[in-house]
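Grab your viewer and work through the exercises below. Try each task yourself before reading its solution.

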Amino acid sequence: MSVESNSKWFSDFMEELGLPSNSIFQGYVLYNTEHDGFMAINKETGQPRTHYVRPSAWAHRYPYIQLASDAVRSLNDHLEIHALFVIGKRFMAFPV
């Protein structure tokens, strides 16, 4: 399916995942299979530091899948791209 030719691709994607219509997309996050955690970036220090967190809500978010894909290629870790949603008051991440 071409995303460009299907304006409903996102609602189709949510339906395929079985998400309710009140789900809110939060961005893309990177999951590291070796660390069993989501990539986070601490920018509070003078030198940004990457570490892994377990709650997906704390992960660094990319607004576009291309940015997440570029990050995966630039890092040599075992990373997967996940779509992050908030459903009610809970966050859920799904592999893309």
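**Exercise 1. Charges and overall layout**

Task: Count the positive and negative side chains, and find how far apart the centres of the two sets lie. Then sketch the fold and its surface.

Solution:
- Start with the charges: there are 8 positive and 10 negative side chains in the chain, and the centres of these two sets are 10 Å apart.
- Keep in mind that you're looking at a predicted model.
- Next, list the secondary structure: 2 helices and 5 strands. Reading from the N terminus, the order is α-β-β-β-α-β-β.
- For the dimensions, a box along the principal axes that holds the C-alpha atoms comes to roughly 40 × 30 × 25 Å.
- For the surface, the chain exposes about 6,500 Å², and 52% of that comes from carbon and sulfur atoms.
- Of the 96 residues, 31% are buried.
- Finally, take the contacts with a separation of 6 or more: 52% of them are between residues 24 or more positions apart.

**Exercise 2. The aromatic rings**

Task: How many aromatic pairs does the structure hold? Describe the two that involve Phe 85 and Phe 13 or Phe 25.

Solution:
- The total is 5 aromatic pairs.
- Two numbers do the job here: a ring pair is described by the distance of the centres and the angle of the planes.
- Take Phe 13 and Phe 85 to begin with: their centres are 6.3 Å apart and their planes make an angle of 35°, which is a tilted pair. Phe 13 belongs to helix α1 (residues 9-17) and Phe 85 to strand β4 (residues 79-87), so this pair ties together parts 72 residues apart in sequence.
- Now check how covered Phe 85 is: with a relative accessible area of 0%, Phe 85 is buried.
- Move on to Phe 25 and Phe 85: here you get 5.6 Å centre to centre and 65° between the planes, an edge-to-face pair. Phe 25 sits in strand β1 (residues 24-32) and Phe 85 in strand β4, so parts 60 residues apart in sequence are tied together by the pair.
- Put the ring pairs together and they link Phe 13, Phe 25, Tyr 28, Phe 85 and Phe 94 into a cluster.

**Exercise 3. Around Phe 25**

Task: Is Phe 25 buried, partly exposed or exposed? Work out what Phe 25 touches.

Solution:
- The relative accessible area of Phe 25 is 26%, so this residue is partly exposed.
- Skip the neighbours within four places in sequence, and the contacts of Phe 25 are Phe 10, Pro 63, Ala 83, Leu 84 and Phe 85.
- Pick Pro 63 from that list: it is 38 residues from Phe 25 along the chain, with the C-alpha atoms 9.5 Å apart.

**Exercise 4. Two polar side chains in strands**

Task: Which polar contacts do the side chains of Asn 32 and His 82 make?

Solution:
- Asn 32 first: you'll find this residue in strand β1, and its relative accessibility of 0% makes it buried.
- Its side chain reaches the backbone nitrogen of His 35 at 2.9 Å. There's also a polar contact of 3.3 Å between the side chains of Asn 32 and Tyr 52.
- Beyond four places in sequence, Asn 32 touches Gly 37, Tyr 52, Asp 77, His 78 and Leu 79. Tyr 52 therefore turns up both as a contact and as a polar partner.
- Over to His 82 in strand β4: at 7% relative accessible area, His 82 is buried too.
- The side chains of His 82 and Glu 80 make a polar contact of 3.1 Å.
- With residues up to four places away left out, the residues that His 82 touches include Tyr 28, Phe 38, Phe 94 and Val 96.

**Exercise 5. A loop residue**

Task: Where does Glu 44 lie, and is Glu 44 buried or exposed?

Solution:
- Glu 44 is in the loop between β2 (37-42) and β3 (49-53).
- Its relative accessibility is 75%, so Glu 44 counts as exposed.
- As a last step, pull up Tyr 31: Glu 44 and Tyr 31 are 13 residues apart along the chain, and 22 Å separates their C-alpha atoms.

Note on methods:
Residues numbered from 1 in each chain as written. Predicted model: local features only at pLDDT ≥ 70, side-chain atom pairs only at ≥ 80, totals over all residues. Heavy atoms only, no water. Helix = DSSP H or I, 4+ residues; strand = E, 2+ residues; numbered from the N terminus. Buried < 20%, exposed > 50% of the residue type's maximum accessible area, 1.4 Å probe, protein only. Contact = heavy atoms within 4.5 Å. Areas by Shrake-Rupley, 256 points an atom, 1.4 Å probe, with all protein chains shown as cover. Lys, Arg positive; Asp, Glu negative; His and termini not counted. Charge placed at Lys NZ, Arg CZ, Asp CG, Glu CD. Phe/Tyr/Trp six-rings, centres within 6.5 Å; stacked < 30°, edge-to-face > 60°. Polar contact = N/O pair within 3.5 Å; in protein donor to acceptor, adjacent residues only side chain to side chain.
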